[in-house]
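Got a new model open and wondering where its labels come from? Let's go through some of them, question by question.

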Amino acid sequence: MLRRTVRRDRMVGLFAAGALLFNPPILNLIGGTVFGWPALYLYIFGVWIALIAAAAFILEQGSDNEERRPDETRR
Amino acid sequence: MSQHLIIIAAVAYLILLFAVAYLVEHTGGRVSRLTGSSLVYTLSLAVYCSSWTFNGGVGRASQSGLDFLPIYLGPTLAFCLGPIVIRRMLKISHAHRITSIADLIGARFGKSGGLAALVTIIAVIGLVPYIALQLKSISSGFAVLSASGEAADVGTKPVLTDGALWSAIVLTVFAMLFGSRSIHPREHHPGMVVAVALESILKLISLTAIGLFIGYGLFNGFGDLFSKAAAIPDIRSIFAHSPDRYGYNWIAMTLLAMVAVFCLPRQFQIMVVENVDERHLNRALWLFPLYLLAINLFVLPIAIAGRMMLPTDTDPDNLVLAVPLASGYPIVALIAFLGGLSAAASMVVVETTALSLMVCNDVVMPALLRVKALGLERKADLTSLLLWVRRLVMIGVMGLGYLYMRHDSAQFALVSIGLMSFVAVAQFAPAIIGGLFWRGATKAGAFAGISTGFLVWVYTLLFPSFARSGALTMDFIAHGPFGIALLKPYALFGLQGLDPVTHSTFWSLIANVGCFVGVSLAGRQSPVERAHAAMFVEAVHPGDAAQIWRRTALIPDLMSLASRFLGREKAASAYAEWAAKRGLDARTVVQADTQTVLFYERLLAGVIGAASARVLVDAIVEEEPLGVDEIMRILDETSRVIEANRQLEEKSRALEAATAELKEANDRLQLLDRLKDDFVATVNHELRTPLSSIRAFSEILRDHPDLTLGERHEFLRIVITESERLTRLINQLLDLSKIEASGTVPRADVPVDLATIARESAAALDQVFATNGVALHLEIETPSALVLGDHDRLVQVLINLLGNAAKFALPGSGHAHLTLSRTGNTFELAVGDNGPGIRQKDRKVVFERFRQLGDTMNDKPHGAGLGLAISQRIVMQHGGRIWIEESRFGGALFKVSLPCAPSKGRRAKAKALQNAAVS
């Protein structure tokens with residue numbers, strides 16, 4: 001099972017990457033059209049889905065074990 | 001399309017939703033278990049997508065392209081930090097039974113009622129425009145659909161024929177049915193959650209259906225749509241490459257959306273309060289962003305299609321409805337309307353529920369409870385009062401929203417109104433994040449930060465919105481108050497080039513964070529505040545911190561207090577559960593301890609908020625207020641007791657060890673004492689025996705002069721032998737005492753040859769062996785065996801061993817052997833015989849002084865019993881050892897091992913080293 005701190009650190013990394021890629025100035029580097037589609041539209045949704053996939057991968061790894069563990073957090 | 005049809009569809013749809021909610025709350029089985037799923041939790045989180053998303057997003061996209069997206073990218077980024085921020089919010093809120101954002105902030109800063117009330121008031125003021133937005137969206141949608149053609153001026157129609165009023169009324173009733181039907185100790189509304197989740201599915205399906213309808217029904221796929229759009233210069237320019245298209249505005253919107261996703265009261269309600277299992281968050285952290293992505297996928301295509309197909313004066317916020325309507329598909333338009341209705345209804349229901357909880361718990365109830373004249377403290381059942389307060393608050397909030405819509409919102413696009421609310425709730429973020437992660441955050445700091453930020457918001461966003469709608473003069477915006485240009489609300493201190501929202505975000509958050517951090521750093525925390533900070537920042541369980549307040553009360557008092565707000569049954573069952581968990585007997589315990597008082601306070605906090613619960617419980621609790629000194633003393637005492645306890649344990653361990661040592665020493669002393677007695681007795685006996693025989697024979701010689709010469713000689717020989725024995729005995733005793741006293745014998749540190757020693761010793765005892773009739777075999781396996789040592793002492797050892805062998809070998813047919821061999825770096829001398837041998841248990845004790853085997857009473861001792869003791873000491877001083885084995889002939893086999901002498905060179909070196917060490 002992925003340790004919780006490792007998972008947390010990876011999510012923070014994901015946040016940093018997302019904050020960078022979704023904001024100017026990097027955002028302003030994209031423009032024009034690709035095969036008739038707006039390049040920015042493709043870029044944002046592409047990065048978005050990649051980010052979500054990475055998050056899903058990080059969060060679901062080993063989460064089955066966690067499901068089975070008795071709930072200790074609420075006493 | 002006829003108005004009646006639309007109304008019937010809308011009402012039927014709302015009734016369907018209510019039926020679902022009713023089923024969830026009133027029937028067991030599969031339906032009610034729906035709330036326990038992470039999917040339902042995620043879908044209910046999508047209450048974030050209100051009609052702002054549904055209608056406003058498309059409107060925004062049709063005007064300026066993709067900059068509706070930061071509102072959804074922000075939450076995606078915020079959820080990446082979910083494992084840190086949101087998880088902690090969940091944990092703390094569950095532990096403290098926090099039921100709203102005002103409760104959370106109030107509870108963090110010392111259960112401050114004032115702070116909670118401030119947050120509540122700001123939330124209400126900040127969210128009224130947001131609720132107005134939903135009403136506006138529904139009524140204008142209704143207007144477009146019913147083809148009244150007056151969509152643009154909803155605010156100007158007579159009140160009674162205004163669709164917005166009716167939708168407000170219907171939604172209020174709906175919200176009251178969902179959100180305030182009964183009091184639940186944790187403020188869970190499972191029916192509402194499932195209904196919201198269902199609405200989230202419907203709005204997603206609806207928007208996707210319209211997207212697909214436009215893409216494939218009106219165009220030949222999205223590629224076709226985009227390429228046709230690219231032919232229009234206006235639209236093409238939106239997507240053209242441009243280095244500074246998106247700047248601060250984009251960043252500000254992302255930031256606002258990031259904090260809004262957990263600061264909005266409805267998001268907090270769904271995400272934290274309605275959460276039944278913290279593990280659901282894990283999946284929601286990626287599934288909710290996925291939902292956001294899915295619902296936004298077709299926004300841009302729909303917007304572009306609308307821009308191409310419709311006249312430019314169409315209200316952009318109605319594009320979703322207008323496109324299918326204009327292309328002749330009223331049914332698709334109806335689906336779109338129901339989707340927008342879903343979005344608005346779920347937002348309004350959850351938001352008013354959350355706001356009514358906040359207003360009731362943090363403003364109205366604390367105020368009512370303080371008014372003694374009402375006598376609320378003596379009322380038996382307050383649950384219905386609570387419910388009615390909440391319902392009235394819902395009506396009030398809705399009414400404010402309606403008024404705002406009629407008077408102020410007509411000129412604004414949906415997105416601008418929504419963003420205004422976002423900036424308002426963003427003022428809570430510094431206090432929440434600081435409160436959760438920074439111990440030093442103080443109540444005064446939070447108060448200063450939130451109120452300053454809010455005032456800046458009012459000045460830079462709310463007042464100008466009044467001005468634009470005519471309530472204030474436009475001069476206020478254009479030239480600033482009293483013509484002071486530096487104070488222009490859209491260009492405060494001359495900051496220009498930002499849109500109003502970004503401008504306000506910047507100034508309000510700067511002021512907020514600045515005051516929050518500055519006042520916190522400058523001020524001091526009270527002890528109670530510090531305890532709360534520790535509870536929140538270190539996620540300490542409240543029970544662990546309970547000892548900071550020593551509070552006691554009578555259970556019946558607490559019980560009657562709880563039943564007034566929860567109802568008797570719920571209060572009793574909650575207490576029974578608690579008592580069972582703590583192992584208390586619910587019927588006999590009367591005095592509630594600190595923990596139980598805290599339990600009741602949290603139970604009440606779940607219903608009426610932390611601040612009110614504190615006030616109520618304090619009224620019946622005997623509290624001993626603790627100052628800093630006392631808290632420090634408690635902590636100090638505790639640590640001192642722990643330290644003392646630890647030392648005590650250590651000491652007792654040491655004592656045990658010492659006792660064991662003493663016991664051992666005592667045993668050894670007793671043994672030595674016995675041995676000493678034996679020794680004295682034996683010495684006495686051993687010395688007396690030869691003495692008495694000498695004396696006896698001497699007297700015979702004196703008294704009998706007539707003895708023959710042979711007899712005389714014989715007697716004199718005996719006297720001499722006995723004298724020699726006596727001398728030998730005394731010598732041995734002297735030897736032993738010398739060895740034992742100094743621990744060393746004068747030892748010639750020269751190489752001696754063990755082989756020579758063995759031969760000498762054997763030769764010396766030749767006569768003895770011959771006399772006893774014992775044959776001695778000498779086996780010397782090494783030509784020379786050099787050891788370092790004292791020649792005479794080693795001879796002494798061997799003679800002693802050989803003498804014993806001669807003595808104990810079978811008389812007549814006895815044989816003994818002496819072998820010398822080398823194993824590794826040691827030489828081994830072995831002396832064996834075929835005598836009776838030595839029993840296993842005696843093999844150690846024979847080396848003790850005067851230890852003679854056999855029965856001393858019957859057997860005549862064969863020696864003084866000092867030989868082996870001396871031998872052992874000599875061998876040990878030569879760095880060797882002596883032990884006994886079983887001889888292959890059945891008798892005893894004494895073995896002596898001695899280390900080889902080092903070679904010449906090494907010896908010289910060792911000597912040099914030794915000398916160096918000595919000098």
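Q: What makes Ser897(B) the bridge partner of Arg881(B)?
A: DSSP bridges are what count here: two strands pair if DSSP finds at least two bridges between them. Ser897(B), in β10(B), is the residue bridged to Arg881(B). β9(B) and β10(B) are joined by six bridges, so they pass the cut-off of at least two. The two run antiparallel.

Q: How do you know how far to trust this?
A: This is a predicted model, where local features need pLDDT of at least 70, side-chain atom pairs count only at pLDDT 80 or more, and totals for chains, interfaces and linings use all residues. Residues are numbered from 1 along each chain as its sequence is written, while chains are lettered from A and ligands numbered from 1 in the order in which they are written.

Q: What is special about Gly890(B) in the hairpin of β9(B) and β10(B)?
A: Gly890(B) takes a positive phi near 100 degrees. The hairpin has five residues between its strands.

Q: How do you know that β8(B) and β10(B) pair?
A: Count the bridges again: seven link β8(B) (residues 826–833) to β10(B) (residues 892–899), in the antiparallel sense. Leu829(B) is bridged to Val896(B), and Gly832(B) stands opposite Leu893(B).

Q: Why do β5(B) and β9(B) count as edges of the sheet?
A: The open, mixed sheet runs β5-β7-β8-β10-β9 in chain B. β5(B) (774–780) and β9(B) (881–886) have a single partner strand each, so one side of each has no neighbour in the sheet. On average, neighbouring strands are turned by 15 degrees against each other, direction ignored.

Q: What makes α8(B) a helix, and how does its span compare with the expected one?
A: Helices are DSSP runs of H or I with at least four residues (strands are E runs of at least two), numbered from the N terminus. α8(B), residues 163–179, has 17 residues, so it clears the cut-off of at least four. The expected span is 1.5 Å times one less than the number of residues. That gives 24 Å, and the helix reaches 23 Å from its first C-alpha to its last, which is close.

Q: Why are residues such as Leu171(B) and Phe174(B) called buried?
A: A residue is buried if 20 or more other C-beta atoms lie within 10 Å of its own, exposed if 12 or fewer, and partly exposed in between, with C-beta atoms placed from the backbone. Leu171(B) and Phe174(B) are among the buried residues of α8(B), and so are Ala168(B) and Met176(B). In chain A, 21% of the 75 residues count as buried.

Q: How do you know which part of chain A has the lowest confidence?
A: Look at pLDDT, the predictor's confidence in each residue, from 0 to 100. α3(A) is lowest with a mean of 47, and α2(A) is highest at 90. Chain A averages 77.

Q: What makes up the contact between the chains, and which element of chain A gives the most?
A: Two residues are in contact if their C-beta atoms, placed from the backbone, lie within 7 Å. Chain A brings 36 residues to the contact and chain B brings 38. On the chain A side, α2(A) gives the most, with eleven residues.

Note on methods:
Axes fitted to C-alpha atoms, helices over the stretch in contact; angles between N-to-C directions.
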